[in-house]
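I opened the notebook on this model to look up its sheet and one of its helices. The entries below follow the order in which I looked.

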Amino acid sequence: MGIIGNLAENLGKTRDEKFMRMAYREAEKAYKGGDVPIGCLIVQNGHVIAKGHNRRNQDKSALSHAEITAIRDACKKLGDWRLENVEMFVTLEPCPMCAGAIVQARIPRVVIGCMNPKAGSAGSVVDLLHMPGFNHQVKTEYGVMQAECSDLVSRFFSELREQSKGDEGEV
């Protein structure tokens, strides 16, 4: 790859990291609210048009995932259920529900911070974003801010386990 190709690739990485850092801040909001720290942004033409963070515990709803919230808000903002000219940045690999929503919304590109070996549906457990039988395939980038995103999720579950141990001792 020539100098121009390397420069373009590095600019793309820097751009992806910028938006992933913003998604990470959304994940921190979930963390502070007692939810699994997942954050999501939807970007169109370099501008954030929607964002979300996991709110399942706060909302008492299985549907309050970061990606679902962001997709819903982006659809409202654009006035269409098709999100064919946006990008999604999400700190943790989408679950089956969110991966299905990404495909249904026709999102062309998703940038993922870290993988989810227990429920990931973009390659870890299953790969709904690249199913040959679906009418939409998603371009995916993996590992942007992987260490930071993974550490935040690990820290959350470690604290949850510690808290659970403390609760077992109470009568």
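I began just past helix α4, where R106 follows with a positive phi, near 65°. The model is predicted, so I note that local features need pLDDT of at least 70 and side-chain atom pairs pLDDT 80 or more, whereas totals for chains, interfaces and linings use all residues. Residues are numbered from 1 along each chain as its sequence is written, and side-chain values use heavy atoms, with hydrogens and water left out.

Helices (H or I, at least four residues) and strands (E, at least two) are DSSP runs, numbered from the N terminus; I found 5 of each, in the pattern α-β-β-α-α-β-α-β-β-α.

In α4 (residues 96-105) I looked up the buried positions (under 20% relative accessible area, 1.4 Å probe, protein chains only), and they are C98, A99, A101, I102, V103 and A105. Their cover includes α3 (66-78), β3 (87-92) and β4 (109-114).

I then turned to the sheet, which is open and mixed, with its 5 strands in the order β2-β1-β3-β4-β5; two strands pair if DSSP finds at least two bridges between them. β2 (47-53) and β5 (139-142) stand at the edges with a single partner strand each, so one side of each has no neighbour in the sheet. From one strand to the next the twist averages 15°.

Strand β1 (residues 39-44) runs antiparallel to β3, joined by 4 bridges, and V43 stands opposite E87 in β3.

For the whole protein, I noted that buried residues make up 43% of the 171 residues.

Technical notes
Buried < 20%, exposed > 50% of the residue type's maximum accessible area, 1.4 Å probe, protein only. Contact = heavy atoms within 4.5 Å. Axes fitted to C-alpha atoms, helices over the stretch in contact; angles between N-to-C directions.
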